[in-house]
Amino acid sequence: ESKQAMVVFFALDLKNPAAGWRTLPSWPGPGRLHAVAATAGGNFYLFSGVRYEPKTGGGFEMVYLRDAYRYSPATAWERLPDMPYPALAAASPAPFAGDMFFLIGGWDGASSGSPPQEFKLVPQRIQAYSTKANSWSEVGNAPVGRVCVSTTDWRGEWILPTGERSAGVRSPEVWAARIAPAENYR
C-alpha cells in the first residue's frame, strides 16, 4: 500500500467518454486514501479518509481525517464543517435521501494499533450531513458496521454488498437500507 496519496481529481464525461479523462482542480486539503465519495445536485462531495505522516525515527503514523469538501463545477471546491468522527472507507458512494448524506460505518481509528488477533468490529455509527443546513449530526447505528463496501441505490433501497466487518475480514452478507425522509433526523 502506498504511503503517499496524490491530491488529484479527475472527471469523465459519460456523454462523451471518447474525450477521455480530464484533470480538474484538486480539493484544498491533504491527499488521502480510503475517502468516501458522494454526489447530489450536480455537486461532488469528498469525506474523511486517512493519510500517512512520517514518524521521527522512521515508519509512518496513520492520521484519520474528519474534513469534508464539496466540488461545484460553477464555484470549484468549498470546505465543509468537519465530521464528528473519521469514517474512512465507509460505504461509498454515501447514500443520499432528501437533503442528507448518510455515512454508514467507516473506520474511526479508535482501536488502531491493536494486535491483529484482537477482533475489532467496524463501528456501526451513522453520521449524516445535511446539504441544506451545512451541518453534521449523529443519527443512530446501523445493524452492522462495514468498510470497503460500494453502495448502489436499487428499487428505493441502498444496497451494501459484502464489505469488511473488521480489519481484513470480508463478510458474505448483503444488506439493504431504506432511509427514512430527512425530516425524521432533525
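**Exercise 1. Find the residue in β4 that is the bridge partner of V36, then describe how β4 is placed among its neighbours.**

*Solution.* Start at V36: its bridge partner in β4 is F47. This is a predicted model, so every step here reads a prediction.

Next, look at the pairing as a whole. Five bridges link β3 with β4, and the two strands run in the antiparallel sense. They make a hairpin with two residues between them, and in that turn G41 has a positive phi of about 55°.

Now move to another partner of β4. Strand β7 (residues 68-72) pairs with β4 through four bridges, again in the antiparallel sense. Here F44 has Y71 of β7 as its bridge partner.

Finally, ask how covered the strand is. β4 is largely enclosed by the rest of the structure, because four of its five residues are buried.

**Exercise 2. Work out whether the two faces of β11 are covered or open, and trace the strands that pair with it.**

*Solution.* Begin with the count: in β11, residues 125-130, six of six residues are buried. Then split the strand by side. R125, Q127 and Y129 lie on one side, I126, A128 and S130 on the other, and all of these are buried, so both faces are covered (buried means under 20% relative accessible area).

Take the partners one at a time. Strand β10 (residues 100-104) runs antiparallel to β11 and is joined to it by five bridges; within this pair, F102 has A128 as its bridge partner. Strand β12 (residues 135-141) is also antiparallel to β11, with five bridges, and S130 stands opposite S135 there.

Close with the connection. Four residues sit between β11 and β12 in a hairpin, and N134 in the turn has a positive phi of about 55°.

**Exercise 3. Identify which residues of the largest nonpolar core touch the most other members, and which strands supply it.**

*Solution.* The core has 15 residues, and those touching the most other members are Y45, F47, F101, L103 and W136. For the strands, β3 (36-40), β4 (43-47) and β10 each supply at least two residues of this core. The most comes from β3, which gives three residues.

Zoom in on F101 to see its surroundings. Neighbours within four places in sequence aside, its contacts include A38, Y45 and F47, along with Q127, A128 and Y129.

One more check: there is a second, separate core of 12 residues, with A91, F102, V149 and L160 among them.

**Exercise 4. Characterise the lining of the second largest pocket: is it mainly nonpolar or charged?**

*Solution.* First, the space: the second largest pocket holds about 260 Å³. Fifteen residues line this pocket, and I104, I126, A142, P143 and A177 are the closest to its centre.

Second, the strands. β10 and β17 (174-177) each supply at least two lining residues, and β17 gives the most, with three.

Third, the chemistry. The lining divides into 13 nonpolar residues, two charged and no polar, so the answer is mainly nonpolar.

**Exercise 5. Decide whether S166 is buried or exposed, and locate it.**

*Solution.* S166 belongs to strand β15 (residues 164-166). Its relative accessibility is 3%, so S166 counts as buried. To place it further, compare it with G145: the two residues are 21 apart along the chain, and their C-alpha atoms are separated by 8.6 Å.

Conventions
Residues numbered from 1 in each chain as written. Predicted model: local features only at pLDDT ≥ 70, side-chain atom pairs only at ≥ 80, totals over all residues. Heavy atoms only, no water. Buried < 20%, exposed > 50% of the residue type's maximum accessible area, 1.4 Å probe, protein only. Pairing = 2+ DSSP bridges. Core = buried A, V, L, I, M, F, W, Y, C linked by side-chain atoms within 4.5 Å. Contact = heavy atoms within 4.5 Å. 1 Å grid on protein atoms, 1.4 Å probe; cavity = no way out; pocket = protein on both sides within 12 Å on 5 of 7 lines; lining within 4 Å. Points joined across faces, edges and corners; volume = space filled by probe spheres on them.
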